[in-house]
Amino acid sequence: MALCGAPAAAALTPTPDRDVPDLALIVANHTGRTRTLRSGQPGFDGLWQLLQPMRTETERVADAWEEGRYPSVRITVVWGLTGVGGWPQTHRAPGADVAMEREDQLFLAADGTPWVRSDLSPDVEDDDIRWHRLSRRVYDQVDRTGLLGAAGDGPDAGPSGAADWPERAGWAVAGLAAGVGGTLLTRRAAARREAGPPREEPRQELIDL
């Protein structure tokens, strides 16, 4: 699906000198159901253009949002990079693992503006969260494909609340595990890209499935 001048699918495919996610695990937050898309499959390019998973800057948001009282999340997307890891980090063949690169949460503000709440290091409990507005036109186009789940997850569905977050993250990790069937290798994406506040050195964590 080509949307609003989206780059060709080939431009979204990781190359040896670029660390670009090529897998998206979509979690419908009202049900916990998951769907996995890979680069080149229908819908991947539209989701990429909508959420812009390589974007690292942030916009100012209300204090309530920063404290976890943002509108109900419609979908959570975990972006992964395939073809990594393997022996000696894991017992699988070289390139048979998946790196969890980023987690995006999509929701609508009270005025109908789509927003994304991004965690660039989903394997780390920290306060480095990025926010940015999305194109309403692209949102509507992707919504018509059914990738964004049920329409009931709008701004009137109630607040998310910080207490929901660990459960939602668990859904995403479980779904990614089921969708790719390999070892999940979580890495600190923000530190590698030198984005955001200073951090300690990047680390790795293996989650055997």
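How many bridges join E1 to strand E2, and in which sense do the two strands run? Point 3 gives the answer, after a look at the whole chain.

1. **Overall make-up.** This is a predicted model. The protein has six helices and eight strands. Along the sequence, these elements come in the order α-β-β-α-α-β-β-β-β-α-α-β-α-β. Of the 209 residues, 48% are buried. The accessible surface is about 10000 Å², and carbon and sulfur atoms hold 50% of that area. Now look at contacts with a separation of 6 or more: residues 24 or more positions apart make 66% of them.

2. **Strand E1.** E1 covers residues 23-28. Six of its six residues are buried, so the strand is largely enclosed by the rest of the structure. In a regular strand, side chains alternate between the two faces of the sheet. Follow this in E1: Leu23, Leu25 and Val27 point one way. Ala24, Ile26 and Ala28 point the other way. Both sets are buried.

3. **E1 with E2.** Here is the answer to the opening question. Five bridges join E1 to E2, and the two strands run antiparallel. E2 spans residues 34-38. To find the pairing on screen, start at Val27, which stands opposite Thr34 in E2. The two strands form a hairpin, with five residues between them. In the turn, Gly32 has a positive phi of about 80°.

4. **E1 with E3.** E1 also pairs with strand E3, residues 73-84. This pairing is antiparallel too, and it has six bridges. Ile26 of E1 stands opposite Val77 in E3. Ile26 is one of the buried residues listed in point 2.

5. **Salt bridges.** Side chains of opposite charge can pair when their charged atoms come close. The model has eight salt bridges. One of them joins Arg130 to Asp128, with the closest N and O atoms 2.8 Å apart. Both Arg130 and Asp128 are buried.

6. **A charged network.** Which residues are linked with Glu59 in a network of salt bridges? They are Arg55, Glu57 and Arg133. Take the Glu59 and Arg55 pair: the closest N and O atoms are 3.9 Å apart. Both of these residues are buried. Glu59 also forms a salt bridge with Arg133, where the closest N and O atoms are 2.6 Å apart. That pair links distant parts of the chain, 74 residues apart. Arg133 lies in strand E6 (residues 129-133), while Glu59 sits in the loop between helix H2 (44-51) and helix H3 (63-66). Is Arg133 buried, partly exposed or exposed? Its relative accessibility is 45%, so it counts as partly exposed.

7. **Arg136.** Arg136 is in helix H4, residues 136-143. At 37% relative accessibility, Arg136 is partly exposed. Why does that value fall in this class? Buried means under 20% and exposed means over 50%, so 37% lies in between. Which residues does Arg136 touch, leaving out those up to four places away in sequence? They are Leu108, Gly112 and Pro114. Pro114 is 22 residues from Arg136 in sequence. In space, the two are 6.4 Å apart, C-alpha to C-alpha.

Methods. Residues numbered from 1 in each chain as written. Predicted model: local features only at pLDDT ≥ 70, side-chain atom pairs only at ≥ 80, totals over all residues. Heavy atoms only, no water. Helix = DSSP H or I, 4+ residues; strand = E, 2+ residues; numbered from the N terminus. Buried < 20%, exposed > 50% of the residue type's maximum accessible area, 1.4 Å probe, protein only. Contact = heavy atoms within 4.5 Å. Areas by Shrake-Rupley, 256 points an atom, 1.4 Å probe, with all protein chains shown as cover. Pairing = 2+ DSSP bridges. Salt bridge = Lys/Arg side-chain N within 4 Å of Asp/Glu carboxyl O.
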